Amino acid sequence: MSDSLPYSMKDVKYDNAKFRQRSLYKVINQTLLTRNIKRDWLSCSTGKFLALVMLFGLAYLFMAHTSSGPQVSGGLAKDVMVNKGDKINSDGISGLRRFWRKPPRLPPRLSPDEKGGKNSFGREAENPSSRLKWVSRQQKVKDAFIHAWSGYKKHAMGYDELMPVSQRGVDGLGGLGATVVDALDTAIIMGADEIVSEAGLWIETQLLDRIKHKGQVNLFETTIRVLGGLLSAYHLSGGDEGMKLTRNGPKPTVYLDTARDLADRLLSAFTASPTSVPYSDVILRDSSAHPAPDGLSSTSEASTLQLEFNYLSMVSGDPKYSLEAMKVLEHLKTLPKVEGLVPIYISPQSGQFSGENIRLGSRGDSYYEYLLKVWLHQGGSQNSNLTYLYEMYSEAMKGVRNRLVRKSVPNGLVFVGELPYGSNGAFSPKMDHLVCFLPGTLALGATKGKTKERAMKDDLLTFEDLENLKLAEDLTHTCFQMYSVTSTGLAPEIAYFHTEEYSEEGLDGGNKISKYLSDIIIKHADRHNLLRPETVESLFVLYRITEDPKYREWGWQIFEAFEKYTKVDTGGYSSLDDVTHIPPRRRDKMETFFLGETLKYLYLLFSDSDVIPLDKFVFNTEAHPLPIKAAVRSS
Ligand code: DMJ
């Protein structure tokens, strides 16, 4: 775990012009001096005595504050102090020793390597033999993508998903050939020309017809996978003065026209609802919409549409898509929250949140992601009319640090838990694999897509940015350990963390040489792996931002585990039933996001940083890159 940057007030080890730490002595001395009372006080013996008492009192308070064990955030610090109140005295003496021995705090400095222009990590990437290693590993990822596509093409072309073991297709997402569209921009980025042609041809000849005749689809899934995939392919194949990464496939306008037809139908979810919160389901053939059977929408689903609808308005010149989608976020701004954290359900009928369950896993996750990304996608200016989104994001991340972050025992893995009964209910040390998107988002929010080195040189990082970046690094480490703690080297869908207050019945991961075996508990029902992307997504973002090669090595380990246990010889890759058991039973499903996200992020993790750079593109939640307007035009 990196210890270079702080995310709690307690372990501040660094300083910059915006946040200057001073020693306790200096603070007291300066306060007395500036108030002009120091001289008067010290001139009489009662004054000297009182000054001494005060100094010792403050030193005692300082000791007690610093000796309450590992802490994660300001809010958590409070909890730990309450739980361990009786430890304060016993730790007092060592706290005093630490206090006196503390070295003077130095201003933040770049290392000689960093001053020289390239940090040592950056140089590692430029080393020719290391470069060759990553080029060859990247090719292995491309080979995996081709293998995944070949299985899909052979057994399931035109279906939403491949069942690789039974070698057939299944329509789990409404029948729009979701794998074709989700995979297309990955093929473009990888230069897999044949696949671009095959997918492009299918979209040109089949998709509009499907959209016209199909029935029920989920608004969110269709937006992030199909609409997002089409828009990204439009840009990457040369539309909107785009990149023209490929000559294969149809003219870019084919993708745009199809996207418009689809979005026109999806709009009914917004217009049919009595509030700004859209219904969850749309019937494509008659452009009607209705709520889910229980009447509720997921908060993340209602708030994860705006990147796609905004970009469509930008390139089509028709503001209606953006107007409808942005009403949702404007409305969410007005609702009550718990330090920026929100319940996972919302009612389109009343427009209010429903229940109290707060989590960053399923149904909550991309609400937080899009607060940041929608703002970044529109240029990320502090003075735009979207600043409210950045403020909502920033407040929510404070809420995460204060209310949801804890450390496991015995080895101190930092994780994000849940509040299933709201802010006054008990904390649950449960973390969905889905939460592993968060480190990437935190790192992106801290540097706004620049490298950490660049952002530090330009003095762009606030104390809060640094807290978030440190939390991002720690969480990425935890997400990686969720893989390496299991026998297969693949993460379960959900992990529980062993804490001082909480121990859950369940399995350990099975990798007996892992140091974290007793920190992570896996329940029977949560042992499966769906080939999800969140951890490799964060590895990619963290690598681009910190340039630390360990993230690439971790990504490679995960890729090798996918190769070993999920590859199906006859084509495709399969989800697994149990990652703690060798050989793992296969689930017979290849999710579309394995091609759309997991393999794309792995490929980009091993690529040079100028391929889809993070300060010029925003990835939608399904890994479809959309250009940041101002950035792309000025490059
Ligand atoms: C994807 O469809 C998206 O990343 C979504 O935001 C969350 N779930 C899956 C991947 O796990």
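Here is a short walk through a predicted protein model, its confidence, its ligand site and a few unusual spots in the backbone.

Since this is a predicted model, local features need a pLDDT of at least 70 and side-chain atom pairs count only at pLDDT 80 or more, while totals for chains, interfaces and linings use all residues. Residues are numbered from 1 along each chain as its sequence is written, and side-chain values use heavy atoms, with hydrogens and water left out.

**How sure is the model?**

The chain averages a pLDDT (the predictor's confidence in each residue, from 0 to 100) of 85, and 80% of the residues score at least 70. Residues 1-47 stay under 50, and the model gives them 88 contacts (heavy atoms within 4.5 Å) beyond four places in sequence. Residues 60-117 are also below 50, with 69 contacts beyond near neighbours in sequence. Where pLDDT is low, the predicted coordinates should not be read in detail.

**Around the ligand**

Which residues are around the ligand? They are I224, R225, L434, R532, P533, E534, F593, E597, T621 and E622, each with a heavy atom within 4 Å of the ligand. Three of these side chains have an N or O atom close enough to a ligand oxygen to make a polar contact (here, a pair of N or O atoms within 3.5 Å), as the table shows.

| Side chain | Distance to a ligand oxygen |
|---|---|
| R532 | 2.6 Å |
| E534 | 2.6 Å |
| E622 | 2.6 Å |

On its own the ligand has 290 Å² of accessible area (Shrake-Rupley method, 1.4 Å probe), and the protein covers 91% of that. The ligand sits in the second largest pocket. A pocket here is an open set of points on a 1 Å grid where a 1.4 Å probe fits, with protein on both sides within 12 Å along at least five of seven lines; sitting in it takes more than half of the ligand's atoms within 2 Å of its grid points. Helices α12 (219-236) and α25 (592-605) each give two or more residues to the shell; a helix is a DSSP run (H or I) of at least four residues, and a strand (E) one of at least two.

**Backbone oddities**

The peptide bond from V409 to P410 is cis, with omega near 5°, and P410 is in the loop between β9 (405-407) and β10 (414-416).

Terms used
Polar contact = N/O pair within 3.5 Å; in protein donor to acceptor, adjacent residues only side chain to side chain. 1 Å grid on protein atoms, 1.4 Å probe; cavity = no way out; pocket = protein on both sides within 12 Å on 5 of 7 lines; lining within 4 Å.
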